[in-house]
Amino acid sequence: MNAMKRGIVEFIKFGFVGASNTVISLLIYYMFLWINPNYYLLGNVVGWVVSVANSFIWNSKFVFHTQFNGMRDALSKLIRAYISYGSVFLITMALLYLQVDILGWSAKLAPVINLLITIPLNFILNKLWTFGK
């Protein structure tokens with residue numbers, strides 16, 4: 001398979017993993033909103049931490065077929081995953097704050113809109129840096 005086709009297949013698989021991450025993250029986010037609407041940022045943090053762990057497991061096995069050279073290599077890639085997702089997470093938090101607190105957008109709708117930015121950015125960072133493909 002040529003590199004372009006392989007990249008497209010990886011992006012589609014990444015999308016499936018991302019869909020599960022989104023469901024996990026949004027369920028946690030909305031659970032926090034249900035508990036107290038003022039906890040939207042905390043819900044976003046907790047949802048993110050859990051979804052990155054899910055992402056790392058599935059992306060390493062299903063998307064990028066990563067073979068780890070021992071525990072140190074696996075830990076290094078896990079740290080890279082959290083840094084990659086962390087950078088995008090900071091962008092998401094800033095956007096969420098801007099959208100909800102400054103622009104008055106719905107706290108329920110804003111994270112869904114942000115996915116249009118974060119999905120492609122996360123794919124590129126994970127492919128090129130986290131898993132080094």
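This passage describes helix packing, salt bridges, an internal cavity and several single residues in a predicted model.

Two packed helices are described by the angle between their axes and the distance between the axes. In the present model, helix α2, which covers residues 40-63, and helix α3, which covers residues 71-102, have axes that come within 10 Å and cross at roughly 150°. The crossing of these two helices, α2 and α3, is right-handed. When the residues of the contact of α2 with α3 are sorted by character, 18 are nonpolar, 5 are polar and 2 are charged.

The loop between α2 and α3 is the place of His65. The backbone of this residue deserves a separate remark, since His65 has a positive phi of about 45° although it is not a glycine. With a relative accessible area of 46%, His65 is partly exposed, a value that falls short of the cut-off for an exposed residue, which is over 50%.

Side chains of opposite charge can pair when their charged atoms come close. Across the whole structure, the search finds 2 salt bridges. One of these salt bridges joins the side chains of Lys127 and Glu10, with a distance of 2.4 Å from N to O. Because Lys127 lies in helix α4 (residues 110-130) and Glu10 in helix α1 (residues 3-35), the pair ties together parts that are 117 residues apart in sequence. Both partners, Lys127 and Glu10, are buried. A salt bridge is also formed by Asp73 with Lys77, and here the closest N and O atoms are 2.9 Å apart. In this case both residues, Asp73 and Lys77, belong to helix α3, where they are 4 residues apart, or about one turn of the helix. Like the partners described above, Asp73 and Lys77 are buried.

Rolling a probe the size of a water molecule over the atoms shows where empty space is left. For this model, a search of the whole structure finds 1 cavity of 30 Å³ or more. The space in the largest cavity amounts to about 420 Å³, and its lining is made up of 22 residues, among which Ser25, Ser51, Leu115, Thr118 and Asn122 lie nearest the centre. The elements that give two or more residues to this lining are α1, α2, α3 and α4. As for the character of the lining of the largest cavity, 11 residues are nonpolar and 11 are polar, while no charged residue is found there.

Several further residues may be considered one at a time, beginning with helix α1. Trp34 has its place in helix α1 and, at 73% relative accessibility, counts as exposed. Between Trp34 and Ala3 there are 45 Å in space from C-alpha to C-alpha, for a pair that is 31 residues apart in sequence. Val23 also lies in helix α1, but with a relative accessible area of 48% Val23 is partly exposed. The C-alpha atoms of Val23 and Gly47 are 9.5 Å apart in space, although the two residues are 24 residues apart in sequence.

In helix α2, the residue to be noted is Leu42, which counts as partly exposed at 44% relative accessibility. Leu42 and Ile117 are 75 residues apart along the chain, and their C-alpha atoms are separated by 21 Å. In helix α3, where the buried salt-bridge partners Asp73 and Lys77 were described above, Ile91 is found as well. The relative accessible area of Ile91 is 37%, and this residue is therefore partly exposed. From Ile91 to Tyr40 the C-alpha to C-alpha distance is 16 Å, and the two residues are 51 residues apart in sequence.

Technical notes: Residues numbered from 1 in each chain as written. Predicted model: local features only at pLDDT ≥ 70, side-chain atom pairs only at ≥ 80, totals over all residues. Heavy atoms only, no water. Axes fitted to C-alpha atoms, helices over the stretch in contact; angles between N-to-C directions. Left-handed = near helix turned anticlockwise from the far one by under 90°. Nonpolar A, V, L, I, M, F, W, Y, C, P; charged D, E, K, R; others polar. Salt bridge = Lys/Arg side-chain N within 4 Å of Asp/Glu carboxyl O. Buried < 20%, exposed > 50% of the residue type's maximum accessible area, 1.4 Å probe, protein only. 1 Å grid on protein atoms, 1.4 Å probe; cavity = no way out; pocket = protein on both sides within 12 Å on 5 of 7 lines; lining within 4 Å. Points joined across faces, edges and corners; volume = space filled by probe spheres on them.
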